[in-house]
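Thanks for sharing this one. Here are a few points to read with the structure open beside you.

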Amino acid sequence: MAQSATSSRLQVSLVALAATAALGATVIATVPAAPAGASMAVAAADNTLSAQEQAAGWRLLFDGTTTKGWRNAHADTFPSKGWLVKDGLLSVVESGGAEAAHGGDIVTLDEYGDFELKVDVKLTKGANSGIKYFVTEKLGTPGRGSAIGLEFQLLDDLVHPDAKAGKGGNRTFGSLYDLIAAPTSKPVKAIGEWNTAHIVSKGTKVEHWLNGTKLIEFDRASDAFKTLVAGSKYKEYVGFGQAKSGHLLLQDHGNTVYFRNIKVKGAALPNT
């Protein structure tokens, strides 16, 4: 049977590090094709939702002008320093690159279990940051480093030394930080340009996407994942990555990073 035009546009390249593959985690780069006959969606203005997004259940987590819906990790209020809302952007104020030493990480008021999160992010040269999820404040120590959770790494891979730390590139842009490396073929845009990070969580399955391309997928409940954790910097945290729900987090790592179009789909859950 002849392959359809839609199918022929679907390109999949599998890229896996040997150590990760041996543990059963999947590292991929997938460019999805548009469904046949699909109409072009009308793009919404920044920090707003299109009619299609509203119908699909998306909600804004940043309105472009306020910090409503966010607070400091391990605190009840938004930080008084270290973060700035200006010109429709939420940004980390440069403070020399220390981890959570200035304004500190910020987390959503609500927790999420099954969810999709999309965030537009723009890095400055040499910047380090991250988007964390399943953040439970029972792990970690307030005032000592970042709050603990699974992390979609945001990094200037060409300049920041952390890109060469960890194991096999598992601290590079789009990676599950310190656990699973994103493929080197990832479609990351240049420093100073906007990238769209997309995290999909359903049950115990998680996917990292970047600019419409799937980077990695893994199962938080699998023995493979638990083996990865046991060999990582998270091994000291009992139950790391196993929470049924947790906060979403934007990291203050002391470098200027800009965020916009922060949106989520999925039920907001009470704090556990």
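1. Asp110 counts as partly exposed because its relative accessibility is 35%, which lies between the 20% limit for buried and the 50% limit for exposed. Please keep in mind that this is a predicted model. Asp110 belongs to strand E7, which covers residues 106–112.

2. Which residues does Asp110 contact beyond its neighbours within four places in sequence? They are Gly246, His247, Ala268, Leu269 and Asn271. Asn271 is a nice one to look up: 161 residues separate Asp110 from Asn271 in sequence, yet their C-alpha atoms are 6.4 Å apart.

3. Now have a look at Arg71, in strand E4 (residues 70–72). Arg71 counts as buried because its relative accessibility is 9%, and buried means under 20%. The Arg71 side chain reaches the backbone oxygen of Ala75 at 2.9 Å.

4. Arg71 also has a long list of contacts, with residues up to four places away in sequence left out. Among them are Asp105, Ile106, Val107 and Leu109, as well as Glu137. His247 and Asn271 are touched by Arg71, and Asp110 is in contact with His247 and Asn271 too.

5. Finally, strand E10 (residues 150–155) is mostly covered, with 6 of its 6 residues buried. Leu150, Phe152 and Leu154 lie on one side, Glu151, Gln153 and Leu155 on the other, and both faces are covered.

6. What does E10 pair with? Strand E9 (residues 128–135) runs antiparallel to E10, and 6 bridges join the two. To find your way around, start from Ile131, whose bridge partner in E10 is Phe152.

Definitions and conventions: Residues numbered from 1 in each chain as written. Predicted model: local features only at pLDDT ≥ 70, side-chain atom pairs only at ≥ 80, totals over all residues. Heavy atoms only, no water. Helix = DSSP H or I, 4+ residues; strand = E, 2+ residues; numbered from the N terminus. Buried < 20%, exposed > 50% of the residue type's maximum accessible area, 1.4 Å probe, protein only. Contact = heavy atoms within 4.5 Å. Pairing = 2+ DSSP bridges. Polar contact = N/O pair within 3.5 Å; in protein donor to acceptor, adjacent residues only side chain to side chain.
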